[in-house]
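Here are a few notes from my look through the model. Have it open while you read.

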Amino acid sequence: MGGRPVLYWFEGGAGSLLPNLAELLATGRSAELREALRRLMVVGAGLVAVTALGGLFLGPFAVRLLFGSAFSVPGATMAALAGASGIYVLASTMSAVAIASSGYWLNALSCFVGGLAFMAGILFSADLFLRVELAYLCGSCTAVAHFFIVMT
């Protein structure tokens with residue numbers, strides 16, 4: 001149940017976003033669609049920055065508060081995981097936009113490229129936790145970057 005509330009929120013947001021983007025696509029207003037995608041990326045990047053900063057400064061406190069003083073997670077770890085999660089949600093949104101515009105190949109390719117970056121991210125550290133954090137961050141960032149480059 002850990003991720004379900006965020007997933008439900010995201011599905012509700014994507015449900016209202018996609019019809020508008022699909023209408024722009026169907027009516028041939030590609031310039032407006034590109035502008036909407038740029039705005040989506042800017043807003044998404046702002047949300048990622050806020051969540052990463054929140055993870056950095058409030059994350060360790062929240063972990064101690066929720067799980068007790070025996071649990072300790074560094075702020076950098078919380079920031080990396082929060083940022084990567086926000087970027088992943090942005091990639092999921094871009095994926096839905098690609099599918100709505102019949103870009104199934106784009107969706108598959110972006111997921112593949114993100115998966116390759118995830119595997120490459122595993123090579124950056126011997127520490128297990130840092131390896132996972134970097135891989136998650138590399139994979140998510142690469143998928144979003146690929147979606148954005150190809151779609152705009």
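1. Start with the lining of the largest cavity: Leu21, Ala22, Leu25, Leu33, Val97, Ala100 and Ser101 surround it. Keep in mind that this is a predicted model.

2. Which helices supply at least two residues each to that lining? They are H1, spanning 4-26, and H3, spanning 75-100. H1 gives the largest share, with three residues.

3. As for chemistry, six of the lining residues are nonpolar and one is polar. Charged residues are absent from the lining of this cavity.

4. Now the volume: the largest cavity comes to about 30 Å³. Searching the whole structure for cavities of 30 Å³ or more turns up one.

5. On to a helix pair. H2 (residues 30-67) packs with H5 (residues 128-151) at an angle of about 155 degrees, and their axes lie 10 Å apart. Angles over 145 degrees count as roughly antiparallel, and H2 and H5 are therefore roughly antiparallel to each other. The crossing of H2 past H5 is left-handed.

6. Which residues make that contact? From H2 you have Arg34, Leu37, Arg38 and Met41, while H5 brings Val144, Phe148 and Met151. Sorted by class, the contact of H2 with H5 has five nonpolar residues and two charged ones, with no polar residues. The charged pair is Arg34 and Arg38, both from H2.

Definitions and conventions: Residues numbered from 1 in each chain as written. Predicted model: local features only at pLDDT ≥ 70, side-chain atom pairs only at ≥ 80, totals over all residues. Heavy atoms only, no water. 1 Å grid on protein atoms, 1.4 Å probe; cavity = no way out; pocket = protein on both sides within 12 Å on 5 of 7 lines; lining within 4 Å. Points joined across faces, edges and corners; volume = space filled by probe spheres on them. Helix = DSSP H or I, 4+ residues; strand = E, 2+ residues; numbered from the N terminus. Axes fitted to C-alpha atoms, helices over the stretch in contact; angles between N-to-C directions. Parallel < 35°, antiparallel > 145°, perpendicular 65-115°, else oblique. Left-handed = near helix turned anticlockwise from the far one by under 90°. Contact = heavy atoms within 4.5 Å.
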